[in-house]
Each structure stands twice: as C-alpha cells, then as structure tokens.
Amino acid sequence: MRWETDVALAEHTRYRIGGLTPRFGRPETRSALANALKDSHPVRVLGWGANVLVSDAGVNEPVLVLGGEFAHMELGDHWIEAGAAAGLPTLAGEARRSGRADWSFLEAVPGSVGGGLRMNAGSTDTGLWNRVRWAEAMTPEGEVVRLTPQDAHPTYRNVTVADSWVFLGARFDAVPGDAARIDKQHLERRRMKVETQVYDLPSCGSTWKNPGEPWGSAWSIVDRVGMRGARRGGAQITERHANFIANLGDATASDVWWLMAETRRRVKDQIGVDLEPEIRLWGFAPDELAAVGGDE
Ligand SMILES: Cc1cc2nc3c(=O)[nH]c(=O)nc-3n(C[C@H](O)[C@H](O)[C@H](O)COP(=O)(O)OP(=O)(O)OC[C@H]3O[C@@H](n4cnc5c(N)ncnc54)[C@H](O)[C@@H]3O)c2cc1C
C-alpha cells in the first residue's frame, strides 16, 4: 500500500467538509492493513464518512479507507457475509433481493459495513449487531480477533470494542422469509426515511442521540429551543428535520460546530438536558469538543 500525503478529508466525507490528514492510505488486503497499522500508530479509519465531522484544521493522524478484498459479499442459505468496505445499502439490497427477513431496518442508511459495526447503525430499536453472528476486527498489532455480540456489548449507536481495532467484516443472520412481505417492508421503510429526512444535501444524518424518556426525540428538543432552520455560514439545521444539519454548499466545520454548540447551550439552559452527539467529531480541540458534548 502506498501512502499519499496531505490529503483533504473533505473529499472522503459525505459532508464534503474537513481539512487535511498528513497521510492517507487504502489497504486492500489484510496483510496491507496489518503493515499499515504496524507502520503508524494511532490511525483513524474512515468508511463512507457519513457520520464524521472533520475539523477545518484536519487531523494529526494518518487515515485509512479500506477497499479491495474488504468489499466482498457472500450469500449463504441462512446468512450473509460482508467485508467492512461493502456498502450498508448493498447489504440491505442483497437481503431484500434474496428474500431475507427483518433487514428493512437498514434501508436508506448510508455508509460502509465497518462504519455500521462501529456505530451499531440501524433504526431506533434494531441495530446491525442484532444480526451479527460474528464480526472480525484487527488489533493495532495486526492480530485478527473474532467477536460475538456478547463481546461487543452493543447499545444504541455504540459498541465497547476498542476504537483502535479495525473491523474487517462480519457474518450476519439472514433467514429466508416471505419475499412479497419483505419487499413491502423495505419499500415502506425507505419511503418513510426519504419523506421525513434529508437526502438531497450533504449531512451526517441525526446529529444528536435521542435523550430518551421523558424528553422524547432529539429533533423535538432542538425544535423547542427555536433552532429549527437556524443558519450559520453555509450550514443549516434543516427545516424538514431538526436533528439534521446540512451543508448548503460552502459550510465549514466551524459553521456546523457553532450550530451544535448553540443548540446544546440552549437545550441545557432551557430544558436542563445534556445533548450527546451521535456524529463523530475528528480533529477538534478539547474545549471545542466539551462545548458539543463530544469525547474523542
Ligand atoms: C441521510 C443520512 C441518514 C442516516 N440515517 C441513519 C439511520 O437511519 N441509522 C443510523 O444508524 N445511522 C444513520 N446515518 C448515519 C450513518 O449512515 C451511519 O452512522 C453509518 O454507520 C456510517 O457509516 P460510515 O461507513 O459512513 O462510517 P464513517 O462515518 O466513515 O465512520 C463512523 C465511525 O466508524 C468508524 N469506522 C469506520 N469504518 C471502520 C472500520 N472498518 N473499523 C472500525 N471503525 C470504523 C470511524 O472511525 C468512525 O468512528 C445517516 C446518515 C445520513 C447522511
């Protein structure tokens, strides 16, 4: 694998925002990844960048994006195996086309399988780890570890697997079901997401985690403190969905960060809740992270 120098992460994130990484590599095999990890420590791994806001100053660490053999997908009689670089939409599509039950929760979730495993991506009540039989990850020393859901302790948009471990792929339960019913469920889920969320502008999806009862969903809290539609530079909290912050074209990371910090301050003052970001923030200073409730 060849390292590239001074690569703009804006080109690799869905937000189209973010400064430079000093070194950027695309390992396509396990041995290339193991070498890259031994070569540089720590590194950051990016999937599709659909859940990461990179600061305007960029990051100090090298960044890896998996490709090649990590994009594989294989269909078994009761399972689907997918590499970390395969797309979540491809996985959801494969489950739908092959008539596998209970995969509609993954419809219209942009990203890679690796990012989805790290984030336990999915709907409010079902995450990717609800379907994992086993997943494999590589440690910084290049050792491959096989994990079950019991090892990963999945919770809402989180797992306890060390941030320094790189997911390689997973085998998922995919049990055949009623094809017509499955098709309908996928279409319905997609329609609901596309109608209520924002797919035509760059964003990272839901900015904040839902704080749970008795406060309800994050979007309703953002709305209550008057931040729906708020704009800063090229970034806007969308009118359609108050938990989405869109890049209108020329947003900087500090525009998005400002909207987050202002929302969080108002929510704390007016409702007494500490909002917690669902998106990952890379390359921000500790005081900037504290203002938005982030912890790198
Ligand atoms: C329009 C829109 C709708 C969305 N809807 C949903 C939704 O319904 N449900 C939901 O859960 N999310 C949703 N999201 C967020 C996003 O789709 C998910 O978080 C997805 O899992 C991100 O995958 P990614 O590959 O882009 O991860 P990235 O954004 O690239 O990375 C996210 C995190 O995963 C880590 N990571 C990436 N690859 C690996 C790897 N191979 N090994 C270890 N760590 C890795 C990164 O270091 C980072 O910490 C939405 C986003 C958008 C833009």
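**View 1. Glutamate 69 sits in the loop between strand E5 (63-65) and strand E6 (73-75).** Helices (H or I, at least four residues) and strands (E, at least two) are DSSP runs, numbered from the N terminus. The model is predicted, so local features need pLDDT of at least 70 and side-chain atom pairs count only at pLDDT 80 or more, while totals for chains, interfaces and linings use all residues. Residues are numbered from 1 along each chain as its sequence is written, and side-chain values use heavy atoms, leaving out hydrogens and water. With a relative accessible area of 40%, glutamate 69 is partly exposed (buried means under 20%, exposed over 50%, partly exposed in between; 1.4 Å probe, protein chains only). Look across to proline 27: the two residues are 42 apart in sequence and 9.2 Å apart in space, C-alpha to C-alpha.

**View 2. The ligand is surrounded by 36 residues.** A residue counts here if one of its heavy atoms lies within 4 Å of the ligand. Val45, Gly47, Pro110, Ser112 and Lys193 are the closest. By type, the shell holds 20 nonpolar, eleven polar and five charged residues (Ala, Val, Leu, Ile, Met, Phe, Trp, Tyr, Cys and Pro count as nonpolar, Asp, Glu, Lys and Arg as charged, and the others, Gly among them, as polar).

**View 3. Ligand oxygen atoms meet N or O atoms of the protein at lysine 193, alanine 50 and tryptophan 48.** For lysine 193, a side-chain N or O atom is 2.4 Å from a ligand oxygen. Backbone N or O atoms do the job elsewhere, at 2.8 Å for alanine 50 and 3.0 Å for tryptophan 48. On its own the ligand has 980 Å² of accessible area, and the protein covers 95% of this (Shrake-Rupley method, 1.4 Å probe). Strand E3 (44-46), helix H3 (113-119), strand E10 (166-173) and strand E14 (280-282) each give two or more residues to the shell. H3 contributes the largest share, five residues.

**View 4. The largest nonpolar core brings together 30 residues.** Such a core is a set of buried Ala, Val, Leu, Ile, Met, Phe, Trp, Tyr and Cys residues joined through side-chain atoms within 4.5 Å. Leu53, Ile237, Ile245, Val256 and Met260 have the most contacts inside this core. Helix H7 (253-271) gives the most, with seven residues. Domain 1 (4-65) and domain 3 (218-291) each provide at least three residues; the bounds come from an automatic or database domain assignment. Methionine 260, found in H7, is buried with a relative accessible area of 0%.

**View 5. Two prolines follow cis peptide bonds, proline 42 and proline 214.** The bond joining histidine 41 and proline 42 has omega of about 0°, and proline 42 lies in the loop between helix H1 (30-39) and E3. From glutamate 213 to proline 214, omega is near 5°; proline 214 is in the loop between helix H5 (179-196) and H6.

**View 6. Asparagine 120 and arginine 157 have positive phi.** Most residues other than glycine have a negative phi. Asparagine 120, with phi near 50°, lies in the loop between H3 and E8 and is buried at 5% relative accessible area. Arginine 157 has phi of about 60°, lies in the loop between helix H4 (149-152) and E10, and is buried at 11%.

Key. A polar contact is a pair of N or O atoms within 3.5 Å; within protein, one must be able to donate a hydrogen and the other to accept it, and residues adjacent in sequence count only if both atoms are side-chain atoms.
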